Amino acid sequence: HRGIIDKYIGDAIMAYWGPPFTEHGEQARLACLAAIEMTDRGAALRTELPELIGVRAVPSDCDVRIGIATGEVLVGSIGSDVMMSYTVMGDAVNLASRLEGANKFYGSHALVSAPTVAAAGEAIAFREIDSLVVVGQSHAESVFEIIGRKDEMAPEQTKLLARYAEGL
């Protein structure tokens, strides 16, 4: 979905959406669509991984966890004369990383910030999970889980999301 893979950090992938690769109004939606597809492919990866890495069984629990935050970031070539990297830095990057880790606590696969929900548009279904203060911040952030594409949801799922929102 036109995201840019910035770097690999251990078993994690850092990616971003933004100019000049994507238009301003579509970044959050494209990131959420990528998260939905990555989550959907997680089960297949767990079965294919042993063959890909040449072992009989996956050595540890392989799960997909994604964090997405929308906001202003510093973008550009960062480094020194010896080594440069075109990357992104800022509070939104830190928040996305913290949301990725929070999935383990909530038992979810893809958590996003409130600005991401607002910018993603009507194509994606979300449910509010909690309000939390992440490391490095002093104010609470509303956190949402990506449920899926709205046009692929069964009527029962839509009704359940509405009831969940009422209860919350």
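Reader: Which residues are linked in a network of salt bridges?
Author: You are looking at a predicted model, where local features need pLDDT of at least 70, side-chain atom pairs count only at pLDDT 80 or more, and totals for chains, interfaces and linings use all residues. Residues are numbered from 1 along each chain as its sequence is written, and side-chain values use heavy atoms, leaving out hydrogens and water. A salt bridge here is a side-chain nitrogen of Lys or Arg within 4 Å of a carboxyl oxygen of Asp or Glu. Linked in a network by such bridges are Arg2, Glu26 and Arg29.

Reader: Is glutamate 26 buried or exposed?
Author: The side chain of glutamate 26 meets that of arginine 29 in a salt bridge, at 3.7 Å from N to O. Buried means under 20% relative accessible area, exposed over 50%, and partly exposed in between (1.4 Å probe, protein chains only). Arginine 29, with 28%, is partly exposed. Glutamate 26 has a relative accessible area of 17%, so this residue counts as buried.

Reader: How many residues apart are glutamate 122 and lysine 150?
Author: The side chains of these two meet in a salt bridge, 3.0 Å from N to O. Glutamate 122 is in the loop between H4 and E7, while lysine 150 is in the loop between E8 and helix H5 (155–167). Those labels come from DSSP runs numbered from the N terminus: helices (H or I) have at least four residues and strands (E) at least two. The pair thus links distant parts of the chain, and the separation in residues is 28.

Reader: What length is expected for helix H1 at 1.5 Å a residue?
Author: H1 covers residues 27–40, which makes 14 residues. The expected span of a helix is 1.5 Å times one less than its number of residues. From its first C-alpha to its last, H1 reaches 20 Å, close to the expected 20 Å.

Reader: Which element gives the most residues to the largest nonpolar core?
Author: A nonpolar core is a set of buried Ala, Val, Leu, Ile, Met, Phe, Trp, Tyr and Cys residues joined through side-chain atoms within 4.5 Å. The largest one has 16 residues, and Cys32, Ile68, Val112, Ile124, Phe126 and Ile146 touch the most other members. H1, E3, E6, E7 and E8 each supply at least two residues of this core. With six residues, the element that gives the most is H1.

Reader: Which residues of H1 does isoleucine 146 contact, leaving aside neighbours within four places in sequence?
Author: Contact means heavy atoms within 4.5 Å. Beyond those neighbours, the contacts of isoleucine 146 include Ile68, Val112, Ile124 and Phe126. Since H1 spans residues 27–40, its members on that contact list are Cys32, Ala35 and Ile36.

Reader: Which strands stand at the edges of the open sheet?
Author: Two strands pair if DSSP finds at least two bridges between them. The four strands follow the order E3-E6-E8-E7, with mixed pairing. Each edge strand has a single partner, so one side of each is left without a neighbour in the sheet; the two are E3 and E7.

Reader: At about what angle does H1 run to E8?
Author: Axes are lines fitted to C-alpha atoms, for helices over the stretch in contact, and angles run from 0 to 180 degrees between N-to-C directions. H1 lies across E3, E6, E7 and E8. Its angle to E8 is about 65°.
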